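Open the model in your viewer and keep the sequence panel beside it. The stops below say what to select next and what is there.

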Amino acid sequence: MSTHDGVSVRLLSIPAAAAGRLSDVAVRDAVSYFDPDGIVLPGRRDPRGHATVRSAAEGVPTFQPQLGRSDD
């Protein structure tokens, strides 16, 4: 959880490498348990994994690093 000037944000971090291997049920279970404001997928971009998480976590914003990063 991050707090800045009294505002807190709960982020769930799912490594991009794992996102493509998770089932919809596993993602929904994690979202239900942690109740995040957003989901971050750090690591090398995986469009299929991002799509899986985005559709399973309906209504929760998901974020992946921008394309073109050279530090992956």
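Start with the whole chain in cartoon view: there are three helices and five strands, where helices (H or I, at least four residues) and strands (E, at least two) are DSSP runs numbered from the N terminus. Along the sequence they follow the pattern β-β-β-α-α-β-α-β. This is a predicted model, in which local features need pLDDT of at least 70 and side-chain atom pairs count only at pLDDT 80 or more, while totals for chains, interfaces and linings use all residues. Residues are numbered from 1 along each chain as its sequence is written, and side-chain values use heavy atoms, with hydrogens and water left out.

**Whole chain**

Switch to a surface. The chain exposes about 5,100 Å², and carbon and sulfur atoms supply 52% of that area; the areas come from the Shrake-Rupley method with a 1.4 Å probe, and for residues only the protein chains shown count as cover. Of the 72 residues, 29% count as buried. Buried means under 20% relative accessible area, exposed means over 50%, and partly exposed lies in between (1.4 Å probe, protein chains only). Among contacts (heavy atoms within 4.5 Å) with a separation of 6 or more, 57% are between residues 24 or more positions apart.

**Stop 1: the nonpolar core**

Select Leu12, Ile14, Ala16, Ala19, Val27, Val31, Ile39, Leu41, Val53, Ala56, Ala57 and Val60 and show their side chains. These 12 residues make up the largest nonpolar core. Such a core is a set of buried Ala, Val, Leu, Ile, Met, Phe, Trp, Tyr and Cys residues joined through side-chain atoms within 4.5 Å. Helices α1 (16–19), α2 and α3 (47–56) are the elements that give two or more residues to this core. In soluble globular proteins, nonpolar side chains tend to be buried together.

Now centre on Ile14. Not counting residues up to four places away in sequence, Ile14 touches Ala19, Leu22, Ile39, Val40, Leu41, Pro42 and Val53.

**Stop 2: Thr62 and His50**

Which side chain joins Thr62 in a polar contact? Select His50: the two side chains are joined by a polar contact of 2.9 Å. A polar contact is a pair of N or O atoms within 3.5 Å; within protein, one must be able to donate a hydrogen and the other to accept it, and residues adjacent in sequence count only if both atoms are side-chain atoms.

Thr62 lies in strand β5 (residues 62–63), and His50 in helix α3. Thr62 is buried, with a relative accessible area of 14%; His50 also counts as buried, at 14% relative accessibility. Leaving aside neighbours within four places in sequence, Thr62 is in contact with Ile39, His50, Val53 and Arg54. With those neighbours again left aside, the contacts of His50 are Leu41, Thr62, Phe63 and Gln64.

**Stop 3: the aromatic pair**

The structure holds one aromatic pair. Select Tyr33 and Phe34: their rings are edge-to-face, at 4.8 Å centre to centre with 90° between the planes. Rings of Phe, Tyr and Trp (its six-membered ring) pair if their centres lie within 6.5 Å; planes under 30 degrees apart count as stacked, over 60 as edge-to-face and the rest as tilted.

Is Tyr33 buried or exposed? Tyr33 counts as exposed, at 65% relative accessibility, whereas Phe34 counts as partly exposed, at 48%. Phe34 lies in helix α2 and, not counting residues up to four places away in sequence, touches Arg10 and Leu12. Phe34 and Leu12 are 22 residues apart in sequence and 7.3 Å apart in space, C-alpha to C-alpha.

**Stop 4: the salt bridges**

From Phe34, move to Arg10. The structure holds two salt bridges, each a side-chain nitrogen of Lys or Arg within 4 Å of a carboxyl oxygen of Asp or Glu. Side chains of opposite charge can pair when their charged atoms come close.

Add Asp35, whose side chain meets that of Arg10 in a salt bridge (3.4 Å, N to O). The pair links distant parts of the chain, 25 residues apart: Asp35 is in the loop between α2 (24–34) and β4 (38–40), and Arg10 is in the loop between β2 (7–9) and β3 (11–13).

Then add Asp37, which forms a salt bridge with Arg10, the closest N and O atoms being 3.5 Å apart. Asp37 is in the loop between α2 and β4, 27 residues from Arg10. Salt bridges that share partners join Arg10, Asp35 and Asp37 into one network. Asp35 is partly exposed at 48%, Asp37 at 36% and Arg10 at 32%.
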